[in-house]
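Here is a walk through one protein model, written for someone meeting it for the first time. Have the picture open and follow along.

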Amino acid sequence: QVRLVESGGGSVEAGGSLTLACVVSEFPPNSACMAWFRQTPGKKREGVATIYTAAGTTYYADSVKGRFTISHDNAKNTLYLQMDSLKPEDTAMYYCAAEDRECLWDLRLQPSGYNSWGQGTQVTVSS
């Protein structure tokens, strides 16, 4: 059974940095579409960044482009999200997601494009 376990969330002041990690088990590491999403109460889950592990191809939402970096360590089968220059509007529960295929263009940042999810880790950015 596929398991995704996030860690690294916490509280930080605006302008600070955090790194999230997501350990993926029972999942092929070398050819998967993996992503980070975030959600605040009452709002839809929003795609943040995605990576196709076979090619290292990445894609970012406009709201985080230039500030966040997604990466994947094949040896550890761990997905990362380096978040810099954090803003209060980045406050959310962050989730990792994975799918054992190439990223589909129109579903890269859509929750419906992924069947495996982690439990989430909270990120809070204070002004």
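What is the order of the four strands in the open sheet? Reading across, the strands run 1-3-8-7, and they pair in the antiparallel way. Keep in mind as you look that this is a predicted model.

**The sheet**

At the edges of this sheet sit strand 1 (3–7) and strand 7, each of which pairs on one side only. Going from one strand to its neighbour, the average turn is 15°, with direction ignored. Inside the sheet, strand 3 and strand 8 are joined by six bridges, again in the antiparallel sense. One spot to look for is Leu20, whose bridge partner in strand 8 is Leu81. As general background, strands of a sheet pair through backbone hydrogen bonds, either parallel or antiparallel.

**The cores**

Leu81 turns up again in the largest nonpolar core, which has 29 residues. Trp36, Leu81, Met83 and Tyr94 are the ones with the most contacts inside that core. Quite a few elements chip in two or more residues: strand 3 (18–25), strand 4 (33–39), strand 5 (46–52), strand 7 (68–73), strand 8 (78–83), strand 9 (92–99) and strand 11 (121–126). Apart from this core lies another one, made of seven residues, with Ala35, Ala97, Cys103 and Tyr114 among them. In soluble globular proteins, it's a general tendency for nonpolar side chains to be buried together.

Met83 is a handy residue to zoom in on. Which residues does Met83 touch, leaving aside its neighbours within four places in sequence? The list is Gly16, Ser17, Leu18, Leu20, Arg67, Phe68, Tyr94 and Val123. So two names you have already met, Leu20 and Tyr94, are included in the contacts of Met83.

**The disulfides**

How many disulfides does the structure hold? There are two, and counting the bonded cysteines along the chain gives the pattern 1-3, 2-4. A disulfide, in general, is a covalent bond between the sulfur atoms of two cysteines. Here are the two links side by side.

| Pair | Sulfur to sulfur | Angle about the S-S bond |
|---|---|---|
| Cys22 and Cys96 | 2.0 Å | 55°, right-handed |
| Cys33 and Cys103 | 2.0 Å | 105°, right-handed |

The link of Cys22 and Cys96 goes from strand 3 to strand 9, so it ties together parts that are 74 residues apart in sequence. Both Cys22 and Cys96 are buried. The other pair also links distant parts of the chain: Cys33 is in strand 4, while Cys103 is in the loop between strand 9 and strand 10, 70 residues away. Cys33 and Cys103 are both buried as well.

**Two residues in late strands**

Is Ser116 buried or exposed? Ser116 counts as buried because its relative accessible area is 15%, and the cut-off for buried is under 20%. You'll find Ser116 in strand 10 (residues 116–117). Not counting residues up to four places away in sequence, Ser116 touches Val2, Leu4, Phe27, Cys96, Ala97 and Ala98. That list brings in Cys96, one half of the disulfide with Cys22.

Thr124 is found in strand 11. With 31% relative accessibility, Thr124 is partly exposed. Its side chain makes a polar contact with the side chain of Gln122, at 3.5 Å. Outside the residues up to four places away in sequence, Thr124 touches Gly10, Ser11, Val12 and Thr91. Thr124 and Glu89 are 35 residues apart in sequence, yet their C-alpha atoms are 9.0 Å apart in space.

**Two backbone oddities**

Most residues other than glycine have a negative phi. Where does Asn77 lie? Look in the loop between strand 7 and strand 8. Asn77 is not a glycine, but its phi is positive, about 45°. Asn77 is also buried, at 8% relative accessibility.

Ser85 has a positive phi too, of about 50°, and it is not a glycine either. This residue sits in the loop between strand 8 and strand 9. With a relative accessible area of 40%, Ser85 is partly exposed, whereas Asn77 is buried.

Terms used
Residues numbered from 1 in each chain as written. Predicted model: local features only at pLDDT ≥ 70, side-chain atom pairs only at ≥ 80, totals over all residues. Heavy atoms only, no water. Core = buried A, V, L, I, M, F, W, Y, C linked by side-chain atoms within 4.5 Å. Buried < 20%, exposed > 50% of the residue type's maximum accessible area, 1.4 Å probe, protein only. Contact = heavy atoms within 4.5 Å. Disulfide = S-S within 2.5 Å. Pairing = 2+ DSSP bridges. Axes fitted to C-alpha atoms, helices over the stretch in contact; angles between N-to-C directions. Polar contact = N/O pair within 3.5 Å; in protein donor to acceptor, adjacent residues only side chain to side chain.
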